[in-house]
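Trainee: Could you walk me through this model? I'd like to get a feel for it before I go back to the bench.

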Protein chains: 2
Amino acid sequence: MKKKNPLVKKRNPEKTKARILKYAMDCFAHGGFHGTNLDEIVAKAKVNKRMIYHYFGGKNQLYRAAHEEVWNKLTEWYGNLIQQPRDFSSISTTLEEYLMLEAVKALHDFVAMHPLFRRLVIWDAIEGGKVTRSLWREIREPLYQHFVDFLIATEKQGVIPTNLRADHLIVSIMGIVTIYFLYANSLFEVFGKNPLSQEAIAERKEQVVYLCQKLLMK
Amino acid sequence: MKKKNPLVKKRNPEKTKARILKYAMDCFAHGGFHGTNLDEIVAKAKVNKRMIYHYFGGKNQLYRAAHEEVWNKLTEWYGNLIQQPRDFSSISTTLEEYLMLEAVKALHDFVAMHPLFRRLVIWDAIEGGKVTRSLWREIREPLYQHFVDFLIATEKQGVIPTNLRADHLIVSIMGIVTIYFLYANSLFEVFGKNPLSQEAIAERKEQVVYLCQKLLMK
DNA sequence: TTAAAAAGTAACTATCTGGTGACTTATTTC
DNA sequence: GAAATAAGTCACCAGATAGTTACTTTTTAA
């Protein structure tokens, strides 16, 4: 049996790597790629800077890993949504419109509950979209396409008003949902209260659903 | 009469200052505050770095000056819009709805034609909103309030559907208009063509107007 | 048990970058 | 035309920062 030396530091590669990634996400979400320095991550994660290169290869790859993480979360989120049992007997609208609004609600909830996602996506968009573009095929494209396919299918059944293109509608819904959080800091003075409080977010959700209902009207 | 020495460098304070500001706007719009270094601006504007401190005081003040510039452009834009002569005899909707849609069109056009505006605003939002918040009172607040007042006034006349709050509507319209340009890089693959081409932007405008008409429906 | 691989540390380097002091040159003012 | 002021130049600093080299220690596999 090995003698346990209390001074010996236990090693835990997975946890170390996970800890780096966690704080990297925090930092990158806060300051973007250029606004984050590795020393900051290192200090928070309590690891040696060399470990970033050991586990990820460098700042670029670590940044990419952070993005993969949040996009995977969204994929999971929608996966769970689809598998959720539903009672269709009580809905008053068409099935398609009902599902459409459910998807909008789920998007709002996800965005509301995942500040890291919001910020990382915006950061990448404004910093050139390199990471998102390279992730498109593997993560974003299927998600988006799934949504588009659904809408195009329902379009034939008359859910989407004529003259309205499904791709533009989706982009617009994304805009309605995300804009609120993007400008949350500035909107403080407009709405007169903290736009990120539970009540304010719930209120926003109501308005968003109401707006999207309108968009789907004939 | 003074003898003209061809080696003597002519001085032109206004032009020098304007040149610094111009390239500063380019650089800040491209890389944000942290992603821009003064040497870059200096190289493009062909001035000595010391001049930035001479004319503006430092990086922070230069950044703020860039923001003031683009917000002033928007104020001018809406000022011109209001003063434009209009023929109200041929409109088929209510005056309020007509004006509302004109305001949306003007917003879309402005955003489409001012990439520096779009990017600077987003940069500030993501980098903490410091500059925008401090500009709010003097530039943004009047603009926004003007818009809100107009909508609240029309709300009483039944233009805005009940249950829909004017402030949320405006934020949502901003979202619909701006999201397209924010994600233009990523949307390339979705729309199958350059989202920033003249045709694509015109097409988008049509869709946006159509969407906003829907939002205003009872 | 031992040798190889993986995990972790410390100190360092090359470079960049916002900002400054001391200076020269043109323009304005009196 | 002389003094004062504004415009512009040059060389430099202090601190930060991504990335590296060379090393030690723990874990794993044979």
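Mentor: Sure, confidence comes first. Chain A has a mean pLDDT of 83, and 85% of its residues reach 70 or more; pLDDT is the predictor's confidence in each residue, from 0 to 100. This is a predicted model, where local features need pLDDT of at least 70, side-chain atom pairs count only at pLDDT 80 or more, and totals for chains, interfaces and linings use all residues. Residues are numbered from 1 along each chain as its sequence is written, with chains lettered from A and ligands numbered from 1 in the order in which they are written.

Trainee: Which elements of chain A have the lowest and the highest mean pLDDT?

Mentor: H7(A) is lowest at 69, and H10(A) is highest at 94. Those labels are DSSP runs numbered from the N terminus: helices are H or I with at least four residues, strands are E with at least two.

Trainee: And where in chain A does pLDDT stay under 50?

Mentor: Over residues 1-7, for which the model has 0 contacts beyond four places in sequence. A contact is two residues whose C-beta atoms, placed from the backbone, lie within 7 Å.

Trainee: OK, on to the two chains. How many residues does each put into the contact?

Mentor: Chain A gives 41 residues and chain B gives 41 residues. On the chain A side, H6 (115-126), H7 (130-156), H8 (166-182), H9 (184-191) and H10 (198-215) each supply at least two residues. H8(A) gives the most, with 11 residues.

Trainee: What's that side made of, by class?

Mentor: On chain A, 21 nonpolar, 13 polar and 7 charged residues. Here Ala, Val, Leu, Ile, Met, Phe, Trp, Tyr, Cys and Pro count as nonpolar, Asp, Glu, Lys and Arg as charged, and the others, Gly among them, as polar.

Trainee: What rotation superposes chain A on chain B?

Mentor: One of 180°, with 0.0 Å of shift along its axis and an RMSD of 0.1 Å. That's the relation of a two-fold axis. The fit is by least squares on C-alpha atoms of residues with pLDDT of at least 70 in both copies. In chain A, Gly175(A) has the C-alpha nearest the axis, 2.3 Å from it.

Trainee: Now the DNA. Which residues are closest to strand D?

Mentor: Asn37(A), Lys59(A), Pro13(B), Asn48(B) and Arg50(B), out of 22 around that strand. Near means a C-beta atom, placed from the backbone, within 6 Å of the strand. H3(B) gives the most to that surface, with 4 residues.

Trainee: And strand C?

Mentor: There H3(A) gives the most, with 4 residues.
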